[in-house]
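The following questions and answers guide a first-year student through one protein structure. Please keep the sequence and the model in view while reading.

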Amino acid sequence: MNNIIPFVDLKQQYKLHQEVFEEAMREVCLASSYILGSELERFECRFADYIGVKESVGVASGTDSIRLACQVLGIGHRDEVLMPANTFIASALAVSDLGATV
């Protein structure tokens, strides 16, 4: 038997919501606000409501989110952060970018 079952069928998910996705992309492209645009502001407000907090902050990547979380915790120069040896490189880069030792 050679049937491959995909872990996540992204093509199927896209097809199910294709019109909504393409309209959202079209709106962002027309506004040309790829950074700090109205779409981000709307997402931040809706996400904050969804998780029941006053505010939320959208970031560009998981690395940025780890770096921001470390900054909030006050991690920086001369600090040491322990993490698994098999972690994704972004975890270590976010920490070392702040001057801390991994």
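Q: Among the elements of the protein chain, which helix has the lowest mean pLDDT and which the highest?
A: The model is predicted, and pLDDT expresses the predictor's confidence in each residue. Helix α2, residues 18-31, has the lowest mean among the elements, at 92. The highest mean, 95, belongs to helix α4, residues 62-72.

Q: What is the mean pLDDT of the protein chain?
A: Of the residues in the chain, 99% reach a pLDDT of 70 or more. The mean for the protein chain is 92.

Q: How many helices and strands does the protein chain have, and what pattern do they follow?
A: The chain has five helices and zero strands. Read along the sequence, the pattern is therefore written with helix symbols alone: α-α-α-α-α.

Q: Is the protein chain more spread out or less spread out than a compact globule?
A: For 102 residues the globule rule gives 13 Å, whereas the radius of gyration of the protein chain is 19 Å. The C-alpha trace spans about 50 × 50 × 30 Å along its principal axes. Because the radius of gyration is well over the value from the rule, the chain is more spread out than a compact globule.

Q: What share of the residues of the protein chain counts as buried?
A: A residue is buried when its relative accessible area is under 20%. The protein chain exposes about 8800 Å², of which carbon and sulfur atoms supply 59%. Of its 102 residues, the share that counts as buried is 14%.

Q: Which residues make up the largest nonpolar core?
A: In soluble globular proteins, nonpolar side chains tend to be buried together. Here, the largest nonpolar core has five residues. They are Cys70, Val81, Val95, Leu98 and Ala100.

Q: Against which helix do the buried residues of α5 pack?
A: Helix α5 covers residues 89-97, and its buried residues are Ala90, Ser91, Ala92, Ala94 and Val95. Leaving aside neighbours within four places in sequence, Val95 is in contact with residues including Cys70, Val81 and Met83. The buried residues of α5 pack against α4.

Q: How many degrees lie between the planes of Tyr14 and Phe21?
A: A pair of aromatic rings is described by the distance of the centres and the angle of the planes. The structure holds two such pairs. Tyr14 and Phe21 form a stacked pair, with 6.1 Å from centre to centre, and the angle between the planes is 20 degrees.

Q: Why is the pair of Phe43 and Phe47 stacked?
A: Both residues lie in helix α3, residues 38-51, four residues apart, about one turn of the helix. Their ring centres are 5.6 Å apart. Planes under 30 degrees apart count as stacked, so the pair is stacked because its planes are at 15 degrees.

Q: Is Phe43 buried, partly exposed or exposed?
A: Buried means under 20% relative accessible area and exposed means over 50%, with partly exposed in between. The relative accessibility of Phe43 is 47%. Phe43 therefore counts as partly exposed.

Q: Where are Ser32 and Leu36, which have a positive phi although neither is a glycine?
A: Most residues other than glycine have a negative phi. Ser32 has a positive phi of about 55 degrees, and Leu36 has one of about 60 degrees. Ser32 is partly exposed, whereas Leu36 counts as exposed. Ser32 and Leu36 are placed in the loop between α2 and α3.

Terms used. Residues are numbered from 1 along each chain as its sequence is written. This is a predicted model: local features need pLDDT of at least 70, side-chain atom pairs count only at pLDDT 80 or more; totals for chains, interfaces and linings use all residues. Side-chain values use heavy atoms; hydrogens and water are left out. A nonpolar core is a set of buried Ala, Val, Leu, Ile, Met, Phe, Trp, Tyr and Cys residues joined through side-chain atoms within 4.5 Å. Buried means under 20% relative accessible area, exposed over 50%, partly exposed in between (1.4 Å probe, protein chains only). Contact means heavy atoms within 4.5 Å. pLDDT is the predictor's confidence in each residue, from 0 to 100. Helices (H or I, at least four residues) and strands (E, at least two) are DSSP runs, numbered from the N terminus. Rings of Phe, Tyr and Trp (its six-membered ring) pair if their centres lie within 6.5 Å; planes under 30 degrees apart count as stacked, over 60 as edge-to-face and the rest as tilted. The radius of gyration is taken over C-alpha atoms; the globule rule is 2.2 Å times the number of residues to the power 0.38. Accessible areas come from the Shrake-Rupley method with a 1.4 Å probe; for residues, only the protein chains shown count as cover.
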